[in-house]
Amino acid sequence: MLLRWRDVHDKPNGVELYDSLEFPNVLKENRQIISLGPIDVQLHVEAVSDTLTVNGNLKGPITYRCSRCLTDFQDEIAAPFSEQFVRVPPDELDAEDERIPVTGDAIDLDPYLEQEILLALPYTPVCQEACAGLCPVCGINRNEQVCTCKAERIDPRLADLAKLFNPE
Ligand SMILES: [Zn+2]
Ligand SMILES: [Zn+2]
């Protein structure tokens, strides 16, 4: 998705940008994502002298693999987008300036959009808060079936303590 200075610089009220994008790298690099997109990108862009301010939202369907029960489930990913670009050579920008220095007329927004998607991903997706996961002994999905395995999970640090209280 390209943003061009020439499309924005003479519009006092800014411009609206819409696109529908795929993010194949995000999909490829995250095993817990089964499908992603298309992502609707809605942006409002304003130019004030040498600075472009871009605000908006990303939203679209996503399918995760639950990190506990390994079942695929659908969800929606939504993320705000907010960046400022400034037309100066990087070495002329103050170190504390959070604006992104750019040169040339066109800015490729894709890497910045991709970054927002990555930040919006859960560290460990779960199909539901109460997902019971798979039985570590027999492997059944404990959301769907009940087994009789003795699979009480004891924290290894507490295991020795448990022996103290329950000597064999
Ligand atoms: Zn689950
Ligand atoms: Zn079991």
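**Burial, pairing and backbone angles**

Modeller: Leucine 70 counts as partly exposed, with 13 C-beta neighbours inside 10 Å. The model is a predicted one.

Colleague: Why is leucine 70 called partly exposed rather than buried or exposed?

Modeller: Exposed means 12 or fewer other C-beta atoms within 10 Å, and buried means 20 or more. Leucine 70 has 13, so it falls in between and counts as partly exposed.

Colleague: Where is leucine 70, and what is notable about its phi?

Modeller: Leucine 70 sits in the loop between S5 and S6. Its phi is near 65°, a positive value in a residue other than glycine. Most residues other than glycine have a negative phi. The hairpin of S5 and S6 has six residues between the strands.

Colleague: How do you know that S5 and S6 pair?

Modeller: At least two bridges are needed for two strands to pair. S5 and S6 are joined by 15 bridges, so they pair, and they run antiparallel. Within this pairing, isoleucine 62 stands opposite aspartate 75 in S6.

Colleague: What makes S6 and S7 a pair?

Modeller: Two bridges join S6 to S7 (residues 100–101), so the requirement of at least two is met. These strands run parallel. Valine 86 has proline 101 in S7 as its bridge partner.

Colleague: Which other residue has a positive phi, and what makes it exposed?

Modeller: Serine 49, in the loop between S4 and S5, has phi near 45° and is not glycine. Around serine 49 there are 7 other C-beta atoms within 10 Å. The limit for exposed is 12 or fewer, so serine 49 is exposed.

Colleague: What makes the peptide bond between glycine 37 and proline 38 a cis bond?

Modeller: Its omega is about 0°. Most peptide bonds are trans. Proline 38 lies in the loop between S3 and S4.

Colleague: Why is valine 26 called buried?

Modeller: Valine 26 has 20 C-beta neighbours inside 10 Å. Buried starts at 20, so valine 26 counts as buried. Valine 26 belongs to helix H2 (residues 24–29).

Colleague: How do you know that valine 26 and isoleucine 117 are in contact, and how are they placed along the chain?

Modeller: Contact requires C-beta atoms within 7 Å. Isoleucine 117 is on the contact list of valine 26, together with Ile33, Leu36, Glu114 and Leu118, once neighbours within four places in sequence are left aside. The two residues are 91 residues apart along the chain, and their C-alpha atoms are separated by 7.9 Å. That value does not conflict with the contact, because the cut-off applies to C-beta atoms.

Colleague: What else does isoleucine 117 touch, and which residues touch the most other members of the largest nonpolar core?

Modeller: With the same neighbours left aside, isoleucine 117 is also in contact with Phe23, Leu58, Ile77 and Ala79. Leu3 and Ile117 touch the most other members of that core, which has 22 residues. Among the elements that supply at least two residues each are strand S3 (33–36), strand S4 (39–48) and helix H3 (110–120). S5 gives the most, with five residues. Nonpolar side chains tend to be buried together in soluble globular proteins.

Colleague: How many helices and strands are there, and what share of the residues is buried?

Modeller: The protein has four helices and eight strands. Buried residues make up 14% of its 168 residues.

Technical notes
Residues are numbered from 1 along each chain as its sequence is written. Chains are lettered from A and ligands numbered from 1 in the order in which they are written. This is a predicted model: local features need pLDDT of at least 70, side-chain atom pairs count only at pLDDT 80 or more; totals for chains, interfaces and linings use all residues. A nonpolar core is a set of buried Ala, Val, Leu, Ile, Met, Phe, Trp, Tyr and Cys residues joined through C-beta atoms within 7 Å. Two residues are in contact if their C-beta atoms, placed from the backbone, lie within 7 Å.
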